[in-house]
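Let's take a walk through this protein, one spot at a time. Keep the sequence and the 3D view open while you read.

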Amino acid sequence: MADNTVTKSAIVRLAPLNVPFRRRRQTAAVFLWLISLPTTLFFFFITCTIVFFLPWIIAYLLFVLFDIAPENGGRRFEFARRAAFWKWYSEYYPIKLIKQTDLDPSKNYVFGYHPHGVISVGAWTNFATEANDFSKIFPGITCRLLTLTSNFNIPLYRDYLMAQGCASVSRQSCENILKKGPGHSIIIVVGGAGESLNARPGIYDLVLKRRLGFIKLAVRSGACLCPVFSFGENDIWDQADNPKGGKVWKFQKTVQKLSGWTMPLFHGRGVFNYDYGVLPHRRPITTVVGKPIEVEQNENPTEEELRVVQEKYIKELYNIWNEYKDIYAKNRVRDLTLVE
């Protein structure tokens with residue numbers, strides 16, 4: 001007798017035709033965001049094939065070559081950050097923003113974001129857009145999400161990033177922003193590309209022990225350190241196994257060493273199905289902005305002094321975890337772990 005059993009992994013759950021329009025709109029917003037890089041590159045290269053646009057293309061590339069905006073806070077546009085599109089994007093998961101305490105707008109802040117996740121969706125939504133009303137929750141704080149300097153070498157995509165308030169994560173960029181005046185702050189995804197390889201549902205393994213650069217930046221500038229933790233950031237995509245030391249892991253690490261970014265082998269759902277594709281799953285993300293840590297300004301701190309500040313930062317990060325883990329991390333496989 002033939003075996004008619006169908007394994008669960010072989011089942012593809014299709015999205016029904018009667019899905020409400022608002023959910024279709026949310027899915028479309030996430031899809032368009034996900035293809036923003038290839039779309040801008042495609043548009044740029046298509047434009048390059050049209051002779052009429054060549055003088056403009058040359059002028060634009062010369063402008064990009066000498067443009068120092070990414071090192072000076074970018075060129076943020078409030079209309080871009082406040083577009084209704086981002087509300088739809090946030091509602092897809094959904095994503096929400098929680099503050100533990102008010103922040104003094106007369107001070108500067110270095111926010112550390114954890115975990116990295118696959119693409120830091122919570123950081124983008126809460127700090128590069130006004131989808132969750134950051135400026136209302138923290139009035140007087142102008143925060144810029146920092147990303148790799150190499151992203152600002154990509155035609156058109158760089159302008160899209162800057163319109164959202166993103167800037168380079170270089171040391172010079174960080175210092176320039178923090179010197180702009182009261183309230184001007186930065187958020188750094190501390191774990192970096194290496195941590196993205198640990199992003200799996202229910203697992204919160206952070207790369208933090210050896211990250212002293214953002215601590216040193218805060219101490220040198222006298223800015224307050226403020227931990228930010230996103231519950232659910234690692235849950236929205238699944239990732240192929242890449243055991244440390246294996247061929248896949250070595251390849252990913254080689255890419256990271258050469259380019260500064262890496263390539264998590266992630267998968268999620270599709271536009272019209274719930275099981276296969278690269279769209280993130282509809283799983284909630286809750287971003288908690290912790291209590292700021294006052295630091296004493298010191299132009300030349302020793303490593304020992306930085307470690308003392310780092311211990312305070314880690315303690316505050318664990319305070320966030322312990323307060324909210326039973327609410328927003330019920331599916332955790334294990335507790336928050338500092339792996340590096």
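## A tucked-away alanine

A223 has a relative accessibility of just 1%, so it counts as buried (that label means under 20% relative accessible area; exposed means over 50%, and partly exposed is in between, using a 1.4 Å probe and protein chains only). You'll find A223 in the loop between α11 (213-221) and β7 (224-231). Helices here are DSSP runs of H or I with at least four residues, strands are runs of E with at least two, and both are numbered from the N terminus.

Which residues does A223 touch, leaving out those up to four places away in sequence? They are N108, Y109, V110, L178, A218 and V295, where contact means heavy atoms within 4.5 Å. A223 and Q297 are 74 residues apart along the chain, yet their C-alpha atoms are separated by 7.8 Å.

## Where the numbers come from

This is a predicted model, so keep the ground rules in mind: local features need pLDDT of at least 70, side-chain atom pairs count only at pLDDT 80 or more, and totals for chains, interfaces and linings use all residues. Residues are numbered from 1 along each chain as its sequence is written, and side-chain values use heavy atoms, with hydrogens and water left out.

## A strand on the inside

Now look at strand β5, residues 184-189. It is largely enclosed by the rest of the structure, because 6 of its 6 residues are buried. H184, I186 and I188 point one way from β5, while S185, I187 and V189 point the other way. That fits a general pattern: in a regular strand the side chains alternate between the two faces of the sheet.

What does β5 pair with? Strand β2 (residues 109-114) runs parallel to β5 and is joined to it by 4 bridges; DSSP has to find at least two bridges between strands for them to count as a pair. Strand β3 (residues 142-147) is also parallel to β5, again with 4 bridges. To trace these pairings on screen, match Y113 with its bridge partner V189 in β5, then L145 with its partner I187 in β5.

## Two nonpolar cores

The largest nonpolar core has 44 residues, and W33, Y89, Y93, F111, V121 and W124 touch the most other members. A core of this kind is a set of buried Ala, Val, Leu, Ile, Met, Phe, Trp, Tyr and Cys residues joined through side-chain atoms within 4.5 Å. Apart from this core lies another one of 37 residues, including Y204, F229, A329 and our old friend A223.

Back in the largest core, pick out Y89. Not counting residues up to four places away in sequence, Y89 touches A29, V30, W33, V121, W124 and T125.

## The biggest pocket

How much space lies in the largest pocket? About 1,500 Å³. It has 48 lining residues, and H116, T147, L148, N151 and W261 are the closest to its centre. Helix α11 supplies the largest share of that lining, with 5 residues.

A pocket is found on a 1 Å grid over the protein atoms alone: it is an open set of points with protein on both sides within 12 Å along at least five of seven lines, and lining residues have an atom within 4 Å of a point. Grid points are joined across faces, edges and corners, and the volume is the space filled by probe spheres set on the points.

## Odd backbone spots

Two peptide bonds deserve a click. The one from Y93 to P94 is cis, with omega near -5°, and P94 is in the loop between α5 (84-92) and β1 (95-99). The bond from H114 to P115 is cis too, with omega near -15°, and P115 is in the loop between β2 and α6 (121-127).

S120 is not a glycine, but has a positive phi of about 55°. S120 sits in the loop between β2 and α6 and is buried, at 8% relative accessibility. D133, also not a glycine, has a positive phi near 60°. Its place is the loop between α6 and α7 (134-137), and D133 is partly exposed, with a relative accessible area of 25%.

Notes:
On a 1 Å grid over the protein atoms alone, a cavity is a set of points where a 1.4 Å probe fits but cannot get out, and a pocket is an open set with protein on both sides within 12 Å along at least five of seven lines; lining residues have an atom within 4 Å of a point.
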